[in-house]
Amino acid sequence: MDVEAQIECLNRALRLQHRSVLMYSITAGSVIGLEYQAHAEKMKTHALSELEDATRLAEKITALGGQPTTDVGEFEFTADPAEAIDRLIDCEAEALESMQAAIEPTGREAASEAVEHRLEHTIMRKQEQVDYLLRAQRRP
């Protein structure tokens with residue numbers, strides 16, 4: 001495993017993971033309109049899942065001898081629920097790409113396989129959330 005490259009990639013992903021926690025939390029607490037109220041509890045659940053994964057990333061960075069970033073990916077609040085969902089989809093696509101890129105420097109030893117496997121599970125969970133958002137933005 002290229003430890004330095006791995007730490008760098010994981011910190012890049014963690015920066016976007018911090019953003020995901022905040023975006024889902026803010027969206028859950030700020031959506032208005034009957035149509036979107038049904039999504040608020042789901043967004044809160046997503047925020048908690050994002051927080052758990054952010055913690056796992058920080059743990060892995062620390063275990064590798066790195067320092068977890070406290071930087072947060074840039075985002076802006078919008079009061080328009082439809083726009084908030086669109087922004088979540090775009091930001092989560094970027095976060096998914098960063099997770100995928102973090103797999104590259106993992107290598108082939110047991111410790112690196114564990115990192116790869118954790119990233120794959122996070123990618124799967126995040127993609128399921130994006131799929132939910134994509135369904136939420138569709139109209140019959």
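These exercises work through a predicted model.

**Exercise 1. The core**

Task: State how many residues the largest nonpolar core has, and which of them have the most contacts inside it.

Solution:
- Start with the count. The largest nonpolar core has 31 residues.
- Next, pick out the residues with the most contacts inside this core. They are Met43, Leu57, Ile85, Leu119 and Leu133.
- Then ask which helices supply the core. Helix 1 (3-30), helix 2 (34-63), helix 3 (81-103) and helix 4 (110-137) each give at least two residues.
- A general tendency is worth recalling here. In soluble globular proteins, nonpolar side chains tend to be buried together.

**Exercise 2. Met43**

Task: Place Met43 in a helix, decide whether Met43 is buried or exposed, and list what Met43 touches beyond four places in sequence.

Solution:
- Find the element. Met43 belongs to helix 2.
- Check the accessibility. The relative accessible area of Met43 is 1%, so Met43 is buried. The cut-off for buried is under 20%.
- List the contacts, skipping residues up to four places away in sequence. Met43 touches Tyr24, Thr27, Ala28, Ile85, Leu88, Tyr132 and Leu133.
- Take one of these partners, Leu133. Met43 and Leu133 are 90 residues apart along the chain, and their C-alpha atoms are separated by 9.5 Å.
- Tyr132 is another partner of Met43. The ring of Tyr132 also has the charged end of Lys42 over it, 5.4 Å from the ring centre.
- Finish with ring pairs. The structure holds 0 aromatic pairs.

**Exercise 3. Leu119 and Thr122**

Task: Give the contacts of Leu119 and of Thr122, leaving aside neighbours within four places in sequence.

Solution:
- Begin with Leu119. Its contacts are Leu10, Leu57, Met99, Ala102 and Ile103.
- Move to Thr122, which is in helix 4.
- Thr122 has 6% relative accessibility, so Thr122 counts as buried.
- Thr122 is in contact with Asp53 and Met99.
- Compare the two lists. Met99 appears among the contacts of Leu119 and also among those of Thr122.

**Exercise 4. Arg56 and Asp53**

Task: Describe the setting of Arg56 and name the residue whose side chain makes a polar contact with the side chain of Arg56.

Solution:
- Locate Arg56. Arg56 lies in helix 2.
- Classify Arg56. At 33% relative accessibility, Arg56 is partly exposed.
- Identify the partner. The side chains of Arg56 and Asp53 make a polar contact at 3.0 Å.
- Relate Arg56 to Leu119. These residues are 63 apart along the chain, with C-alpha atoms separated by 9.8 Å.
- Now take Asp86, in helix 3. Asp86 has 35% relative accessibility and therefore counts as partly exposed.
- Asp86 and Asp53 are 33 residues apart in sequence and 22 Å apart in space, C-alpha to C-alpha.

**Exercise 5. Helix 3**

Task: Test whether the length of helix 3 agrees with the expected span, and say what reaches the backbone nitrogen of Ala82 at the helix start.

Solution:
- Work out the expectation. Helix 3 has 23 residues, and at 1.5 Å a residue it should span 33 Å.
- Compare with the model. The end C-alpha atoms are 33 Å apart, so the two values agree.
- Look at the start of the helix. A side-chain oxygen of Asp80 comes within 2.9 Å of the backbone nitrogen of Ala82.

**Exercise 6. Asn11 and Gly65**

Task: Decide for Asn11 and for Gly65 whether each is buried or exposed.

Solution:
- Asn11 lies in helix 1. Its relative accessibility is 14%, so Asn11 counts as buried.
- Leaving aside neighbours within four places in sequence, Asn11 is in contact with Ile61, Gln67, Pro68 and Thr69.
- Gly65 sits in the loop between helix 2 and helix 3. Its relative accessible area is 63%, so Gly65 is exposed.
- Gly65 and Ile123 are 58 residues apart in sequence and 24 Å apart in space, C-alpha to C-alpha.

Methods
Residues are numbered from 1 along each chain as its sequence is written. This is a predicted model: local features need pLDDT of at least 70, side-chain atom pairs count only at pLDDT 80 or more; totals for chains, interfaces and linings use all residues. Side-chain values use heavy atoms; hydrogens and water are left out. A nonpolar core is a set of buried Ala, Val, Leu, Ile, Met, Phe, Trp, Tyr and Cys residues joined through side-chain atoms within 4.5 Å. Buried means under 20% relative accessible area, exposed over 50%, partly exposed in between (1.4 Å probe, protein chains only). Helices (H or I, at least four residues) and strands (E, at least two) are DSSP runs, numbered from the N terminus. Contact means heavy atoms within 4.5 Å. Rings of Phe, Tyr and Trp (its six-membered ring) pair if their centres lie within 6.5 Å; planes under 30 degrees apart count as stacked, over 60 as edge-to-face and the rest as tilted. A charge sits over a ring if NZ of Lys or CZ of Arg is within 6 Å of the ring centre and within 35 degrees of the ring normal. The expected span of a helix is 1.5 Å times one less than its number of residues. A polar contact is a pair of N or O atoms within 3.5 Å; within protein, one must be able to donate a hydrogen and the other to accept it, and residues adjacent in sequence count only if both atoms are side-chain atoms.
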